[in-house]
Amino acid sequence: MWLDTKNFQPQIGDTVAIELRNGQNFKGINLSYFKNRIENFFWELNSSTTAVNSRSGDIPAMKTPALENGLMVVVYHSRPSTLTYKDWQKFDDFIQHKNLGLIEQVHESRNLPKTNFIESYKRFSKALIGIGPGQGNDRSYKLETEFVVLTNPYTEDTSNGIKVLLLYQGIPRKHAQIEVFQRSSSGDVSVFYIKTNAQGKAIIDVLPGHDYLLDAVILRIPEGGTAQNSGAVWESLWAATTFSIPTE
């Protein structure tokens, strides 16, 4: 799940419309706003924070007028959801796709079944919207896992790429896989992968006139109430961020 918009670079007087999208390869369904699915949903602009207060069922999930120039950072944190794996193959495909390591060995060492087991998951998604010149900086919002985009894509030179930092519980995630989705103005999507360095940072090569979605996943043994309340034997945490690169 990611935050999307048809206009990452609005001007004063335009409407900023943020969509909750769920799917694959930067393509998916536009989800309605439902407060009971959301832990936190807000935006920050020029050091001022505003909660999203949409009505249940609203599509897009967020709409607000662009009243000030600057870098708007929209932040979405979902409440936990669950899914049940009826067979091991689908879970293994997920493990391999996200390069999550020796999960099967850990699963077996915990004497867990390979059929009909539950995973809990949470989403931590951000979007960078450049209003007018789009000046400003992304930062950590103390999400359990998140990207911090260290290069402002709307005001800084991106010819040598965009620098990002990937965090988990406030600590840089070293040597972690980032899946990068690149969408052209015609809607064509390409995908490539990169890993963070020992400082949890990575440089993403970008092209003018393209939108970007970054995705990184952590899979862990559920802690405390998560396992008790849901019956989950695994918990995944999804970090995502979206932004666009201006045309030259």
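Q: Which side chain meets Glu179 in a salt bridge?
A: This model is predicted. Side chains of opposite charge can pair when their charged atoms come close. Here the N to O distance is 2.7 Å. The partner of Glu179 is Lys98.

Q: How many residues apart are Glu179 and Lys98?
A: Glu179 sits in strand β13, residues 177-183. Lys98 lies in the loop between α1 (88-97) and α2 (103-109). The pair links distant parts of the chain, and the separation is 81 residues.

Q: Are Glu179 and Lys98 buried or exposed?
A: Buried means under 20% relative accessible area. Glu179 and Lys98 both fall in one class, and that class is buried.

Q: Which strand holds the salt-bridge partner of Lys122?
A: Lys122 forms a salt bridge with Glu235, with the closest N and O atoms 3.8 Å apart. Both residues are buried. Lys122 belongs to strand β9, residues 117-131. Glu235, 113 residues apart from Lys122, is in strand β17.

Q: Which residue of the pair Arg220 and Glu223 counts as buried?
A: These two form a salt bridge, the closest N and O atoms being 4.0 Å apart. The cut-off for buried is under 20% relative accessible area. Glu223 has 44%, so Glu223 is partly exposed. At 10% relative accessibility, the buried residue is Arg220.

Q: Which residues are linked with Arg220 in a network of salt bridges?
A: Arg220 forms a salt bridge with Glu223, and Lys122 forms one with Glu235. Both pairs belong to one network. Linked with Arg220 are Lys122, Glu144, Glu223 and Glu235.

Q: Which strand gives the most to the largest nonpolar core?
A: In soluble globular proteins, nonpolar side chains tend to be buried together. The largest nonpolar core has 49 residues, and Phe41, Met72 and Phe243 are among those with the most contacts inside it. The strand that gives the most, with 6 residues, spans residues 70-78 and is β7.

Q: How many residues has the other core, which includes Tyr85?
A: This core lies apart from the largest one. Its members include Leu100, Val217 and Val233 as well as Tyr85. The count is 14 residues.

Q: Why does Pro172 count as partly exposed?
A: Pro172 is found in strand β12, residues 171-172. Its contacts include Leu165, Gln199 and Gly200. Partly exposed lies between under 20% and over 50%. Pro172 counts as partly exposed because its relative accessibility is 41%.

Key
Residues numbered from 1 in each chain as written. Predicted model: local features only at pLDDT ≥ 70, side-chain atom pairs only at ≥ 80, totals over all residues. Heavy atoms only, no water. Core = buried A, V, L, I, M, F, W, Y, C linked by side-chain atoms within 4.5 Å. Buried < 20%, exposed > 50% of the residue type's maximum accessible area, 1.4 Å probe, protein only. Helix = DSSP H or I, 4+ residues; strand = E, 2+ residues; numbered from the N terminus. Contact = heavy atoms within 4.5 Å. Lists of a residue's contacts leave out its neighbours within four places in sequence.
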